[in-house]
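Trainee: I would like to learn how to read the contacts between chains in a model like this one. Could we go through the interfaces first and then turn to a strand?

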Number of protein chains: 4
Amino acid sequence: MAGEAGMYNGLDDKMHEECGVFGIYDPEGKKDLVRLTYYALYALQHRGQESAGIAVSDGEKINVHKGMGLVPEVFSKEVLDSLKGKIAVGHVRYSTTGSTNIVNAMPLVVRYRKGSMALCHNGNLVNAFELRKEMEQQGTVFQTTIDSEVIANLIARGSNGIEEAVTQAMYRLKGSYALIIMTDDKLIGLRDPKGIRPLSLGKLDGAYVLASESCAFDTIGADFIRDVEPGEMIVIDENKIESKKVFNDVEKALCIFEFVYFARPDSIIDGSSVHMARLEAGRILAREHPADADLVIGVPDSGTVAAMGFAEESGIPFGIGLIKNRYIGRTFIQPSQVIRQLGVKLKLNALKSAVKGKRLVMVDDSIVRGTTSGQIVQMLKDAGAAEVHVRVSSPPITHSCYFGIDTSTRKELIGAQYSVEEICKHIKADSLGYLSLEGLIKSTGLPRETFCAGCFCGKYCIEVPGEGDKYLFEKC
Amino acid sequence: MAGEAGMYNGLDDKMHEECGVFGIYDPEGKKDLVRLTYYALYALQHRGQESAGIAVSDGEKINVHKGMGLVPEVFSKEVLDSLKGKIAVGHVRYSTTGSTNIVNAMPLVVRYRKGSMALCHNGNLVNAFELRKEMEQQGTVFQTTIDSEVIANLIARGSNGIEEAVTQAMYRLKGSYALIIMTDDKLIGLRDPKGIRPLSLGKLDGAYVLASESCAFDTIGADFIRDVEPGEMIVIDENKIESKKVFNDVEKALCIFEFVYFARPDSIIDGSSVHMARLEAGRILAREHPADADLVIGVPDSGTVAAMGFAEESGIPFGIGLIKNRYIGRTFIQPSQVIRQLGVKLKLNALKSAVKGKRLVMVDDSIVRGTTSGQIVQMLKDAGAAEVHVRVSSPPITHSCYFGIDTSTRKELIGAQYSVEEICKHIKADSLGYLSLEGLIKSTGLPRETFCAGCFCGKYCIEVPGEGDKYLFEKC
Amino acid sequence: MAGEAGMYNGLDDKMHEECGVFGIYDPEGKKDLVRLTYYALYALQHRGQESAGIAVSDGEKINVHKGMGLVPEVFSKEVLDSLKGKIAVGHVRYSTTGSTNIVNAMPLVVRYRKGSMALCHNGNLVNAFELRKEMEQQGTVFQTTIDSEVIANLIARGSNGIEEAVTQAMYRLKGSYALIIMTDDKLIGLRDPKGIRPLSLGKLDGAYVLASESCAFDTIGADFIRDVEPGEMIVIDENKIESKKVFNDVEKALCIFEFVYFARPDSIIDGSSVHMARLEAGRILAREHPADADLVIGVPDSGTVAAMGFAEESGIPFGIGLIKNRYIGRTFIQPSQVIRQLGVKLKLNALKSAVKGKRLVMVDDSIVRGTTSGQIVQMLKDAGAAEVHVRVSSPPITHSCYFGIDTSTRKELIGAQYSVEEICKHIKADSLGYLSLEGLIKSTGLPRETFCAGCFCGKYCIEVPGEGDKYLFEKC
Amino acid sequence: MAGEAGMYNGLDDKMHEECGVFGIYDPEGKKDLVRLTYYALYALQHRGQESAGIAVSDGEKINVHKGMGLVPEVFSKEVLDSLKGKIAVGHVRYSTTGSTNIVNAMPLVVRYRKGSMALCHNGNLVNAFELRKEMEQQGTVFQTTIDSEVIANLIARGSNGIEEAVTQAMYRLKGSYALIIMTDDKLIGLRDPKGIRPLSLGKLDGAYVLASESCAFDTIGADFIRDVEPGEMIVIDENKIESKKVFNDVEKALCIFEFVYFARPDSIIDGSSVHMARLEAGRILAREHPADADLVIGVPDSGTVAAMGFAEESGIPFGIGLIKNRYIGRTFIQPSQVIRQLGVKLKLNALKSAVKGKRLVMVDDSIVRGTTSGQIVQMLKDAGAAEVHVRVSSPPITHSCYFGIDTSTRKELIGAQYSVEEICKHIKADSLGYLSLEGLIKSTGLPRETFCAGCFCGKYCIEVPGEGDKYLFEKC
C-alpha cells in the first residue's frame, strides 16, 4: 500500500483510520509519567499522525493537552512540564475522513456523575450511529463525531462503580475497540470480544502500562507481560491489577491487516512477531508465485521485509531498487498543474545502477487503487529494468472494511473491480501475483480462526447494520 | 477599574467574566456573512479577549472555527474564506477563572436529535451546578465547564420544536443569559427574564442581526431596531421574525456595571447612552464630592468620560494627566524580580508638564483591589502633583457578584473590607469620594427598578443557591 | 493624520518611516538590561511597529535577536532570558516602503577589523545612495537596503579608534540620524548636526541610557538628564561618559512633525513638552480659525489634545464624538469587495448621543490624503451632526519629506494639489481651517530657527541630491 | 555513524557540516521554477536540515525567502506563489557550529556595483579567516559567519564582468566549494580545483540545472548531463551555456565521505554509483574481516546497504535486526534526568524475534564517538543476541576534517584515541573490524588519486593554515 495514497499528506502514506493508545499507572508517583507517555506515543506514531494528546490524573482532577500534528509538534517542553500526576493516558490519531478537527482529537475528557474520565479509543464501532441516535432520543447532545463520545455517554449511564458501568457499556458496543480509560484513580484497558484491534499489557518497575503495540514498551524500557485478551477488562488501581472476562465465549477476529501493514515490525501481536510474519509471507509468496528474475526489490518501506523473504525462498538475490525520501512531512506542498507529472518521483527514486538491465521482482504489501503501483513499475522500466514482476504479500482487497481500513468506497479498490490479469495490464507489470489468504494466515503462525479477513473475503466477523446479510457473522 | 487588575495579561485590564455575542441571518445568502461577523466581533472585542469563534450554517450543517486570542489572531483570511452560509453566530470570551482552555471557547456546537445547534452565551447561570448534577444523575457527560453546555443539554431534552425546547429550557435556567442560538435553519436570540445582560436587535438590508451591544451594528452598517426584552425570545427564519414573551411578568434587573465599565461608550443599552450616562455620573460625582482643585484628570481609558463630566460640573478645567501605552498585548512579559518596582509605569505615565504643582482631581470608574490606584496616586505625586483627590464614578464594590464580575472572593475587594476613609489612607490620596448608588442610577436616566446593583448593595436580583438568604430576591 | 492611512495595517495609522532607538550601559552589570530594553522599546512602540530587535554585548561578543512585529510578539521570555550582558541596544522600526523584510530589521550587527558593533538608526540619509555607490565602486557588497549598513561600512573604513571612526563617518553623512552604536565595550549616541531626529540622555542608578524619547526613561524609572545636542557624540564606557561636539557650528533643524504627530505626548523634546505644544496648537488654532459651534471633538487619538486646546480657547465645550476601537492589530483582515463600504467604520464610530443636532468643531492633527477625513465628516453627519467644521492643528502638507515622513509622492498629498477651499469641498466639511506654520512653531515655545518644516513650506534644511535647487539650504 | 550524534536534534543523525545547492535557468520562463527548486531541495534535504532558502531573479531584481527548518517548514504555498522569475537557486544547510541563526541561512543575496547576486555554497574555505581579516583591514564589514559572505566580497572586488570576477576570486579561495551563483541574468556553477564537494549539471527540456547530487535531477525529471569538473566554471545565460577551466592542472581530491555517508545512494558522483559503492564496500569488508555468524544486520539507515554486501559476500543471511523510528523531528524533546537511561531506545529498537540466540554481524558505516555503537551492541545482547560482531564499512576516523565533517576536536574521535582492540572492548562487541582505506577506495571503482581521505589518514589535500606541515599537500 506504500505510496498508494496520501502521497503529499503525510510522513506516511497509509490509507486507513487507525489509532494508537497508551496508558500508565504509577502508584508511587515517582516517574516522569508524562514524558514516558510522550515517548510511548512517539513509538506508536506510525498508527496516527493527525493528532496527539495526553491526559493526566493527579488523583483529583484530569488535565489534558491535545493538538493537531505529530507528537513532537503537539507537545512542547513547557506543556510536558505542566502535566503532573500518577496516571496518564495518550493517543495518536489518523483519519482520512476529512474531519481534521481538534474537537475530534483524543483523549476525550468528560465529567460525569462519578467524577472525570479520559478515553483513548482505537477501533470502529459499527453501531455507533444507532447508539448515538438512541441516546439523542433521550436528549443527549454530541459535540464530536468520534466513537469515544458514544462510549463515554454509555459508561456515564451505567449504574454502580466504573467497572460495572464499563461492563454494561461493553454489552452494548458492537465493533472494534481497544480502549484505555482513565478515571480519577483507575486505569482501565479493554479489548472488544473479537479482539479486532491489539492491546498489550506491560510493566515498568512498579508501574503497569497498556499500549496498542509492544514496541511502545521497548521504547520506554517496560517489560511486555501479555496481550489483553478479547473481551477482557483490565483494571489497575493503587493497590492491585485485576482482570475480568466480560465476554467468556469469545470468538477471536484479529484484523489481519495489522500483520500486513498497520503494526510496527518490532511488535509482537497476540504472540506472533509482525516482522517474522512479513518475512514468512514473502517466502510463501515466492512459492505461490515464483518468478524468473535477477533481483528482488521491495517498495519501501512496507514491502521490504516480504521482499527479503521472497528472495530467500526463491534464491534470487535481494537488493535495493527504490530509494525513499525520508523527509516528506505534513506541510509538503503539492505540485502545481505545470509539474503535476512528477507524481511518485517526489517520494521514490529508482536506483538505476541496481536495476538497469535486470529482470525484477518488485514486492509490495498491498495494492489499493493501483495508480502508484503503475507509476513505480514505469519508473523502474524508465530506469532500465528489463522486466518487472509485481508480487503482493497479501490478497487483493475486494471489500471495504468497517473496522479500520478507510477504503471508503468499493469504487476505489482496484481489487474489487478487476481481475488479477486486468490489474497486471493496468499497472503494466510483466506479471502479477498476490499472496493467497491461506498463505497470509499461514505466515502469521496463528490459527486461521484467529483473524478477521473481511477485506479480502467479504465475510466480516461482525454483522454490519444496514448491510443486511452481506456481512455474515462467520469466518471466511 | 482601569489598571486595577490583569496589568500584564491583556490589552485591557478588566477583572470580570464577560462575553460578547453576535448573530446574523441573511435569507438571501448574498452577504459575506462571515466577514460581517468578524467585524462585529471585533467591535465587541472589549467584552472578551481570551477566545473568539464563529459558526456558520449553510442550511445543512454547521461549521465552526474558534481559537484562543483576539479576533484578528484567531481568524486568518483563509479561515474566513472557508466558512460559508446563510446564518452565522460569533462569540468573544473573557475569563479570569484560569480555564484558558480551547475546549471552553464558544460557539459551542452540538448535534442532538433534531439536528445541530451552535450556542453563544453571555452571562452566568446560578443554578448551573444544580442542573449539571441533575443531568449527570441521568447519565449525561460534560466536556467543558461552560454554562452553554448545560443549556444545550437542557434544550436537547426538550420536546417538540426548537422554540418549545428553548422555552422549556428557559424555565429551568436561573441567572443571567443573553443567548444566541443557531440551528440548521433558524437564528434565535433570548434574554433572561431579568434582562441582566444586554442584547440588541438590528437589521442590515434584508438580514436580521443580534448583538450584545449596538456598537456592533454601527460597525457593520446595520440599523438598530430595539433591545431584546427581558424574558423575550426572538426567532428568525427564512420567512419571518417572531417574538415570544416567554416570561410575561418580568422584573427587570440590568447589571448596572454595564454602564460603569463593561459596555462600549457608543452603545445604547435599554434606551440609554452609555457615554452620556458616564458623563452624567461625573457631573453628579462633582456635586456629591466636590474638590478644591486646579485640574480634573481621568485614569485612561475608563475614567476619562466621567472626569470630563466632573470638570464640566465643577468648573475645574479638564486635562490629560496620564498617558496610557496602547500596545500592551497578551504576550507582554512581566517584569523580573530585579525590576518589579516598575509596576504601573509600564502601562501608564504621568504627564509631568500637565500635573506639576497642580491640585488634581483624579477620576476613575471603580476601585477593585486598590493596589493600582495607590500606584497611580504615587506616580502623580512623583510627577509633582500638589494634591491628588480621587473621585470614583461608582460606589464602593462591597459584594461579590454572581452574574459576571469576577471578584471571586470578598478578600480582594478593598471596598468590602475597609471604610472609605481607610481606603483613602491606603491609596495615599488627599481625599476620596465615591459616587452614591443613587447618583449612579440617576446618571443612566433609567428608573431605579431597572437595575441589579448587587455588587454595590449586596441585594441581588436572584437567589443564589448555597448562599442562603444572603442574596435576597429584591432590589436594594 | 489619524485614520488617514494604513487603516487596516496596524495598531496605528501612521504614514511615515520612523524608528525608535534605545541603549543602556550598566558598568556594574547588575541590572536586567535586556528586560529594561524590552520595556523601553515598548514605550517607544509608537515610533515603529514593523520590527523590533535587541542586541547585547557581554564585553566579548554581541548577541542579537530581532523579528517582525510588535515588541511583545518578537520577544519571548526564553529569548529575553538568553540574552545577557553589560550593554544593550534596541530598535523598533516602521516602514511603508514595502520592504517588510527581516533582513532590514535592526540592530544591524557587523564584525569589522576592530571587533563587533551594533547600530540602531532613526532617520534618513539623503546621500545614502551616493555613499553606497561610492563604496560599491570600491568592491563593497550590501545585504540590506537600510542606511545603517552604509553607516557601518563608513565607520569600518575609519582609522584609529571607534570615536575617530565615527567622527569621520559623521563628516560624510548627510541627512537625519539619531544613532546609537554599541561596540564590545562602548555605547555611543550621536545626533546629526541639524538634530533632525530627537535623542535623549538619561541615568538609571549607575547606568547611562539613551533613547529617542524621554517617555522611555519614565517607563523604566530612569531620570532624564538632557537632550543629546545636534552634532554631538556621547561616548559611554566602563569608566566615564564623554561628550564630543563633532560639529560646532550647527544650525538646528528639528523635524516639526515630532510635535505634530510622531512623538508621544509625555515626551519632552529639546526642552518642550509635546503634550503642552499640542494643547497650545489647539488654542492658537481656535484664534486663527474660530468657529461658531456647540461642541469641539477630536479625531482620536492624535487630534484629541489639540481639540481640548481649541475648546479651552474658544469657550466651546469639549466632548467626545468619536470612539476608536482599541483592538485593531497587524493581522486585521481587510473587508472583501462585498463590504468595502464599511471603510472607516471598522475603526471609528460616531457617538450619536453626543453629536446629534450639534454644530461640531472636529479637530485632527493633519490631513494627508483627505479620504479618511471625508469619511469621518460623513459619519458625523450621518450621526446627526448639524455642521462639521474641520480644524487641523498643523498647516497643509504641501511637500514630500526626505527625512522621515513617507509621503512618497506629491500626488497623494491633498495639500499639495488643492487649495484649502477645494479640500473643504472634497471632504464635505462646513468649513476648514489649518493652523499656520507660524502658529505651529509658536505652540512649541521654541524659536523658529529650531525647526525644519520642509513638508509645510518646501524649504528643507538639507540639500537633497537630485532635486537640484528645489530644496534650498535655508529655513522657510 | 547512524545514531552516533544528534540523537534528539534532527530527523537525521549526521555529525557534519554539509549543504545542498541547486540552481536552474529557464530561458523561456515557462516553468514553475520555484516549485522545481522546492522539490529539488527536498531531494537534497539529507544534506542539510537546519535552514533552507530559495532566491529568484526576474531579470531585474532578486527576491529571496529563507528560514530555519526543513524545506516544507520554511516554504508555504503562499511564499512559493510569490516568487517568480527565470533563474532560481536554492540551498539547504546543516550546521553543528551552534550558529543556528537565520542570518547565516543561504542563499546570501548581496548588491554590489554590477547589480545583485545570490550565492549558494557547499564546502569549507580553509583561508576564510585570512581573507576576512585581509578585507576587514580594508574596511569591510561582515554580517554573518558564513564563507559565502567572504566569497561575495571577493567577487565584488573583481574587475570587468562577473565571469572574470569569479575567476579572480577562485584564485584566492582555498578549500572546498561547490558554488552556485545567480546574478540578475546569469547562473554560474563552480567547483573548487580539487573537486572536494560534488556538483552536477543536468537539463530539463530547455532549462539547465545544477545540483549537489544527481538525485535532485531524478526528482524533478531532469536528465543528468555530467559532473562539473574540478576547477571548472559553468556559465549559463539566456543564449548559451559555457564552460571555462579556471584551473587546468587540477589534482582531484573528492571527499571520500560522500561515498561513506553524505550522499544519497541513488546519486551518481563523478561517475560512480553511491549505492553500488556501499554495497561493494560491504563485500570487501566481508573479505577483510570475515565473521563466523548466523545473521548480518545493518544499523539503519546508513549501515543497511553495506550489510547487504557483507551478507552476499560472506554467504551469511542478511536480515533486519533493528527498527528505526521514522518520526523523530527537530522538536523532539530530550528525556528528563529521570528517564535518561532510555538513550538510543527512543530511536532504535532491536527485533527480538530476529536476533534472539543469533550470532550477529552488525554493520555500520562509521563510528565517531562510539557511545551509540556501544548502546546498540548492548540493546542487541539484551534482545538475546548470542554474539555481536561489529563491522564498519570505512576505516577508523583518526583525524579531524577541515572540509565538511564536523568532528571538531580530536578528543571526540574514538578512532583517534584508541586502537581497534580498545574500541572493541569499549563498545563490548565480540569482535570489531574496520574496512581498510584501500578497500574503501576500491569499493568506489574510482582511482585512488581521485580522493581526499584525510580524515582516515591525516594527509589532507590542502594545506591548512595554522596547522603547519601537519596537513601535507599530498595524498595518503
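**Reading the interfaces and a strand**

Mentor: Chain B and chain C bury about 4,900 Å² between them, with 64% of it on carbon and sulfur atoms; buried area here is the accessible area (1.4 Å probe) that two parts lose on being put together, summed over both. In chain B, the residues that lose the most area to chain C are Y42(B), Y327(B) and I333(B), together 18% of what that side buries. The model is predicted, so that local features need pLDDT of at least 70 and side-chain atom pairs count only at pLDDT 80 or more, whereas totals for chains, interfaces and linings use all residues. Residues are numbered from 1 along each chain as its sequence is written, chains are lettered from A and ligands numbered from 1 in the order in which they are written, and side-chain values use heavy atoms, with hydrogens and water left out.

Trainee: How many residues of chain B are in contact with chain C?

Mentor: The size of an interface is often given as the accessible area lost when the parts come together, but residues can be counted as well. Taking contact to mean heavy atoms within 4.5 Å, 59 residues of chain B are in contact with 60 residues of chain C.

Trainee: How many salt bridges does the rule find across the interface of chain B and chain C?

Mentor: A salt bridge is a side-chain nitrogen of Lys or Arg within 4 Å of a carboxyl oxygen of Asp or Glu, and by that rule 4 are found across the interface of chain B and chain C. One of the salt bridges in the model joins the side chains of R326(C) and D301(B), at 3.5 Å from N to O. Polar contacts are counted separately, as pairs of N or O atoms within 3.5 Å, where within protein one must be able to donate a hydrogen and the other to accept it, and residues adjacent in sequence count only if both atoms are side-chain atoms; between chain B and chain C there are 15 such residue pairs, both residues being at pLDDT 80 or more.

Trainee: Which helix supplies the largest share of the side of chain B that touches chain C?

Mentor: Helices (H or I, at least four residues) and strands (E, at least two) are DSSP runs, numbered from the N terminus. The largest share of that side of chain B, 6 residues, comes from α1(B).

Trainee: What area do chain D and chain A bury between them?

Mentor: Chain D and chain A bury about 4,900 Å², 64% of it on carbon and sulfur atoms, and Y42(D), Y327(D) and I333(D) supply 18% of the area that chain D buries against chain A, more than any other three residues. Across this interface the rule finds 4 salt bridges, and D218(D) forms a salt bridge with K352(A), with the closest N and O atoms 3.2 Å apart.

Trainee: Is strand β7 of chain B mostly covered or mostly open, and which strands pair with β7(B)?

Mentor: Buried means under 20% relative accessible area, exposed over 50%, and partly exposed in between (1.4 Å probe, protein chains only); in β7(B), residues 175-183, 9 of its 9 residues are buried. Two strands pair if DSSP finds at least two bridges between them, and β6(B), residues 115-125, pairs with β7(B) in the antiparallel sense over 9 bridges, with N122(B) standing opposite A178(B). Strand β8(B), residues 187-191, runs antiparallel to β7(B) and is joined to β7(B) by 5 bridges, I180(B) having G189(B) as its bridge partner, and β7(B) and β8(B) form a hairpin with 3 residues between them.
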